[in-house]
Structure formats: C-alpha cells, structure tokens
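Trainee: Please walk me through this model. I want to learn how to read the features.
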Amino acid sequence: MNLVILPLLLPLVTAVTLLFWGRPSPGRRVLAGASAAGQLAVAGLLLWRVEAGGPLVLPVGNWSAAFGIVLVADLLAAVMVGLSSFTALAAVLYGFAEYRPVVEHPLRLMLIQFLVAGINLAFLTGDLFNLFVAFEVMLIASYALLTLEADDWDVKQAFPYLAVNLVGSTLFLCATGFAYRLFGTLNFAELAVRAAALGDDPRVTALALWLLGVFGLKAGLFPLYWWLPNSYPILPAPLAALFAGMLTKVGVYMLLRMFGTVLPHHLSGLHMLVAWLAGATMIFGVLGALSRNFIRGILSYHILSQIGFMVLAIGLFTELAFAACIFYIIHHIIVKASLFLVGGTAALLNRTDNLDRMGNLWRHAPGLGVLFLLQALSLAGLPPLSGFWGKYLILTEGLRLGEYVLVGLALVASLLTLVSMLKIWNAAFWSGAEDREVCLWDWRWVRMNRVSAGMVLVSLAIGLGAEGVFRVARQAAVQVRDQASYQRAVQAVVTKDQARRP
Amino acid sequence: MQLETALLIGVLFGCATWLVLQSSFVKILFGFILLSNAANLFLLSMSGPPDGRQAPIASAEAGLLVDPLPQALILTAIVIGFGVSAYLVTLLYRLFLDQKTTNAAELFADQDTTERT
C-alpha cells in the first residue's frame, strides 16, 4: 500500500538532494538520471500491482478517509504516473545529450523533479484541496522553469501564462470552498456519495460548471487557450516536451476524474457543452497551427487541437468514449513529447526553427526525417500508427451517437493537422536551397536523436500493439466511471489503529 | 455577518477583476493580491455563520465551535499565495530591468507572434 506514495517521495527527495548538491557535475547527472529511471520502474510496478489487484488506497498520516488525505491509485492514475515518469526520463536524458554539465543551468534538474512531484500528486490524490496543492506545486515549478533560461524577448511571453494560471488557481480555490460548503467534505469518494444524494440540485450543476472552467483553463480548452501557444515556444526543447506532454493532460485527466468519478452522470447538458467546446478547440487550435511559421509554435497549437479530441471523447460520455480518450492520452503524450524533441534536434542542425530559414535536413539527416515523419503522420492519424486508433475509436463512437457535426469537425481538424505537418516537412526537410546550412559537425544531434528514437519506438509499439493498450484503457475507463467501487475502495481503508483494535 | 462578508467579498472580487484587466503589469499584480485575499475570505465564509459559536480551540468548556477546516485550508492558501506573489514581484522587476516598462500595451506593441528569430 505504501507503494502509492513513492511516485511523490522519489522526485521530492531527488529535488532536495540536487538543490544541495550545488554545481552541475557528472555525478549530479547520474543521480538525476538514476532517480528518473527509478521513478519509471516504480511507476511500472504500481501499474502492474493496480492492474492485477485493483485500486490501491493509502491514508496519508494514518487518518481515516473521512478526515484525512487519501492517495488513490486506480488504473488510470497509475497509467498517467507511468507516462509522466517516462516523459520526464526522456526530457532529462535529452537535456544531458544537449548540453555538457558546465553549461547546464544548476536549477533545471531540480525544478524538473519538483514539477514531476506535483504532476504525480495531482494524479494520485483523492482529495480536492490536496489537488489544489498539487496544482500549485506543479505550476510554481513550471513558472520557474519557464523563466529560468529565458532572454528578454521570452520573459514577457511568460507573464500572460503566469497571470492566467494565477487567476485559474484562485478560481479553483473558490470552487474548493464552494464544494466544501455544499457537501461538507473534500474527499472525492465522499463528494460523489453526497452529490448523488442531492439529485437534480442546480448547485451541483453550478459546481460542475465551475470545475469545468478551472480544469478547462488548465487543459487549454476553447475559449481559454490563448495563454498556451505563445508561452510554450520559449522553453528549451526538452522542457517543452515535458510541458507539452504532461501539463495540459493533467487538466484532461482531472476532467475525466471529475465527470467520471466525482460528479453525477446525469448532467447530460453539461456533457454536450463539453463536447462542443472541444469541437471549437480542435478547429481553432489547428487554424492557429497553420498560421505559425516556426516549428515550436506549430506544435504548441497542435497541443490544443489534440486536447479537443480528448475532451470531445469525454463529452460523448460513454464507456467506450472514455476508453478512447484514455487511449488517446497515452498516444498523444508520447507523440507530442517526441515531436518537440525531434523539432529541437532539427532546430539545432539548422541553427533556427524558423521555417523560412530551414532546409536540407532530409538530404543530410534522413534518420531525423524518418522519426519526424512517423510522429507527424501519427499525429494526423494515419494507420497503423497510434494516432489512427485513438481517432478511429472516438469518431466511430461519435457516429454511433449521431453527432455528425462534431465528427465532421474532427475530420476537418485531422486533415488540417496533416497540412500543417506537411508545412514543416516541406520547409525543413524537403526544401533544398543551397544557402541552408546543416550543422552535422555538431555531434550533439546524434545523441539527441537517440533519445527521440527511443520515444518513437514506444510510440510505434503503442500503434502496433493497439489492442493490448486499448484493453488497459478500457479497464481504466470502466474503473473511472464505476463510482460505487471507487467509494468502496476508499471507504474500506482502515488506519493502523483501527486494524489493531479487536 | 454573512451579508456583510458577502458584500465585502463581492467588492474585493470586483476591484480585483478590474485591476487584472488593466494593461499595466503592476496593476495586474495588485489585482492578483486582492483576488487571492478575496478567495481566502470566500473560503473563510464557507465555515458558516459564526454567531454563537466559539473559536475552534480545544478548551475546558466546549460549546458550539466554528468549523475549523476552512481555516486550515486558508492557512495553506495564504502560504501558497504569498510565495507566488513574491515570485511575481521578482519577475516583474526582471521585466522592468529588461524592457524599461511594465505596460503590456507597450511591451507587445511591435510583436509578430507568428514568427520567431
């Protein structure tokens, strides 16, 4: 049972150790790398245990579930923790490949560990206020990472990100207070019991709308998405991969958790609203991507468009749609993160990621081109790559429910995704003007390429082994929607004192 | 008590919203500080009307106590809000050193976000 706290404890301990280690050195890197690998192993173990034996619940500080904080690892949470550990490991390794220890910023590795601790806490917590704390840990680490290595131009892009997220956090705090007043508890399981007892009370709808606003803001849902596409491109490539992979997906995960596990299932008007917001997000995101002319900008807008697909699946609100959403999250995190890494390598080779001044990459670095092509086509949704299966499942479910307009929007968005990916392909890889230099002598790109190749292999495995991944996603979806057994698992937790008593 | 608190929260939220929507980053900072205070007050009022209740301190003559949980939540929220405000002030100073202005309209006046150098 104590396994549940390890995904938090490991990054925290590592972060503090790194903070006091001082200057960047190879030894410090070994520690950070080993810790990241260890976290991945722990996440794998957690996933295996949860998959075999059902949700694990840990009452932190030995308080019973009604009063204290509980950590709950059900299958979805375990999958998400695994993904965050994997992405963090890739980001850390890519960072090692990119810079020698002397040039590395001394705080970067430490802040990554804090960020991962916050993300993992958000996935594992079973308590609304603890979730607020997790968001704050995650956001403060992300603010610091965003401005850590920023120059003059970059820093002013960070301010809107901060301002928006600060307002979002305050609204979240108010929503927590509102939920406490309404239900007298903040525990997810208890909230679900008492929300169901209230029936059609409009206050439950108000709370649900409020939470939708808060988590929609974090996920980058239309109309609250404009903070993302200007702030993410200022990050260095490995950090951008971690941010793009994980941060918005925390918002999507929370929407799944709230609508599936906590709030009553009969709020169908609200689910429709979610689905339409998702449709708008898809279209506006992809149009924004077409308007940009540098790789990181295009990819940042694509995050939004893909968020639209996931949230559309949540809005459709059937069990299969939830499974499709979880599958899509798994696919998207790996693909998006690896695309940012590939983009970073391409920018290193061309010394810019402005498409007007890139070129010749296919001629000189075909390996990089293959990696990009695989991931770009996966993002657009070509079979048999992983993106195809996610989109296929969401679209068939949409057709079955008769949501033809939304399905049409999704298809248009997919097509435009392909167009904007081709824009990168044509400009950076295919074009062959003589004056576009490719700095192959910069040996770092080979090692950086190996890291992205590792991620691409995992992504290919998801596409080719889609059936196995989907079985896990299906099981996770069933668990997320099964409020009764979630409540039973949390309420069955006994603290040590209780167990000792006869 | 409840009505007065509600009015105060409303006024605070209103002022904070107005400040956050200004173009000067310094005003946004003050708006955020007001906003977090308004949220804390909102959280406090969630412990219900305090009339006839005692402060939540374990004492010999235990009567009706005010719900202590929102107060515990506020403590955490204050600490977090304080840390974030401190960070925001530092960032604002850095911005001012770099750009010699903290007005969003001037900062973003000649920016084309579709391209980057």
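Trainee: How many residues does each chain give to the contact?

Mentor: Two residues are in contact if their C-beta atoms, placed from the backbone, lie within 7 Å. Here chain A gives 28 residues and chain B gives 31 residues. This is a predicted model: local features need pLDDT of at least 70, side-chain atom pairs count only at pLDDT 80 or more, and totals for chains, interfaces and linings use all residues. Residues are numbered from 1 along each chain as its sequence is written, while chains are lettered from A and ligands numbered from 1 in the order in which they are written.

Trainee: Which helix supplies the largest share of the side of chain A that touches chain B?

Mentor: Helices (H or I, at least four residues) and strands (E, at least two) are DSSP runs, numbered from the N terminus. On that side of chain A, α5 (128–148) and α6 (152–183) each supply at least two residues. The largest share, 14 residues, is from α6(A).

Trainee: How do I read helix packing?

Mentor: Two packed helices are described by the angle between their axes and the distance between the axes. Axes are lines fitted to C-alpha atoms, for helices over the stretch in contact, and angles run from 0 to 180 degrees between N-to-C directions. Take α12 (residues 295–316) and α17 (residues 404–430) of chain A: the angle is about 160 degrees, and the axes are 11 Å apart. α12(A) and α17(A) are therefore roughly antiparallel (angles over 145 degrees).

Trainee: Which residues of α12(A) and α17(A) make the contact?

Mentor: Among them are A:I295 and A:L312 of α12(A), and A:L406 and A:A428 of α17(A).

Notes
Parallel < 35°, antiparallel > 145°, perpendicular 65-115°, else oblique.
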